Amino acid sequence: MNAQTQSFLIPGAIGQLECALDLPDPEQFATPRGLALVAHPHPLFGGTMDNKVAQTLARSFLALGYVTVRMNFRGVGKSEGVHDHGQGETDDMALLLVHMRQQYPELPLALGGFSFGTFVQAQLQQRLIAEGTPAERLALVGTAAGKWPMPDAPANTILIHGELDDTIPLSAVLDWARPQELPVIVIPGSDHFFHRKLQHIKNLIVQMWHH
């Protein structure tokens, strides 16, 4: 993402996984305020950890003082294996969390995902809830409702969607959110990839979580 981005590999269930670590500005944050994991869009449609929306999520967490990690899903970049329809990807994200907890055991956890990545992160959050260690914050952008069997999300989840998203219609997200009474933030005029609207994502997350 920038000159300070650190690339590293971790062992996954079926091969190595490529990850990227960014640290918050030490001049602004003497100590990190949290740990954030970011998940990218669908790998079979060109999704990588360098996707612009995924990078915007990472920048949002960095601006809040979070140690921020992205990972290439199976079969992307240097990550080995093949696409596993969200299940293996959730396993891999859980492995990444275990790896990062060895270095940052006490930091509050945030999860962020875009498109297919929202399915992975929502599943991971449900696992963590079942284990009694939920992420304190969950940000879902371009939520994959209707495309994937999205589990429920906690009441404090930030949901951001584009008004004109023709990949995942806003109506599908509202149908998923309605029974849970989850508010959905709609960015007017935005498509699925938030062209020319990316700054809105960062502004919203930073404003809502800056405390």
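## Contacts around Val-141

Contact here means that heavy atoms lie within 4.5 Å. In this predicted model, Val-141 sits in strand E6 and, leaving out residues up to four places away in sequence, touches Val-53, Leu-57, Gly-113, Phe-114, Ser-115, Thr-118, Ile-160, Phe-194 and Ile-201. The relative accessible area of Val-141 is 1%, and therefore Val-141 is buried, given that the term applies under 20%. Val-141 and Leu-159 are separated by 18 residues in sequence, while their C-alpha atoms are 6.0 Å apart in space.

## Helix H3 and its cover

Helix H3 takes in residues 116–131, and because each of its 16 residues is reckoned at 1.5 Å, the helix should span 22 Å; the C-alpha atoms at its ends are 23 Å apart, which agrees with that expectation. After H3 comes Gly-132, which has a positive phi, near 80°.

The buried residues of H3 are Phe-116, Gly-117, Thr-118, Phe-119, Val-120, Gln-121, Ala-122, Gln-123, Leu-124, Gln-125 and Leu-128. Their cover includes two strands, E3 (34–39) and E5 (109–114), together with helix H2 (87–103) and strand E6 (137–141), the strand in which Val-141 is placed. Thr-118, one of these buried residues of H3, is also among the residues that Val-141 touches.

## Gln-121, a buried residue of H3

Gln-121 belongs to helix H3 and counts as buried because its relative accessibility is 0%, where the cut-off for that term is under 20%. Apart from residues up to four places away in sequence, Gln-121 touches Leu-37, Val-38, Ala-39, Met-93, Leu-111, Gly-112, Gly-113, Leu-138 and Leu-140. Gly-113, included in that list, is touched by Val-141 as well.

## The largest pocket and Lys-147

The largest pocket holds about 250 Å³ of space. Its lining is made up of 16 residues, and those nearest the centre of the pocket are His-42, Phe-45, Ser-115, Thr-167 and His-192. Sorted by class, the lining comprises 8 nonpolar, 7 polar and 1 charged residues. Ser-115, listed among the residues nearest the pocket centre, is also touched by Val-141.

Lys-147 lies in the loop that runs between E6 and strand E7 (158–162), and with a relative accessibility of 51% Lys-147 counts as exposed, since that term requires over 50%. When neighbours within four places in sequence are set aside, Lys-147 is in contact with Thr-167 and Ile-168, and Thr-167 is one of the residues nearest the centre of the largest pocket. The C-alpha atoms of Lys-147 and Ser-115 are 9.3 Å apart, although 32 residues separate the two along the chain.

## Positive phi in two loops

His-85, which is not a glycine, nevertheless has a positive phi of about 60°, and its place is in the loop between strand E4 (66–71) and H2. Glu-181, likewise not a glycine, has a positive phi of about 55° and is found in the loop between helix H4 (170–177) and strand E8 (185–187). Glu-181 counts as exposed because its relative accessibility is 70%.

## The annotated span

An unreviewed UniProt entry carries the annotation "domain: Serine aminopeptidase S33" for residues 53–169. In the model, the C-alpha atoms at the two ends of residues 53–169 lie 17 Å apart, and the span is 38% helix and 19% strand.

Key: Residues numbered from 1 in each chain as written. Predicted model: local features only at pLDDT ≥ 70, side-chain atom pairs only at ≥ 80, totals over all residues. Heavy atoms only, no water. Helix = DSSP H or I, 4+ residues; strand = E, 2+ residues; numbered from the N terminus. Expected span 1.5 Å × (residues − 1). Buried < 20%, exposed > 50% of the residue type's maximum accessible area, 1.4 Å probe, protein only. 1 Å grid on protein atoms, 1.4 Å probe; cavity = no way out; pocket = protein on both sides within 12 Å on 5 of 7 lines; lining within 4 Å. Points joined across faces, edges and corners; volume = space filled by probe spheres on them. Nonpolar A, V, L, I, M, F, W, Y, C, P; charged D, E, K, R; others polar. UniProt positions renumbered as here; feature names shortened; annotations may be inferred.
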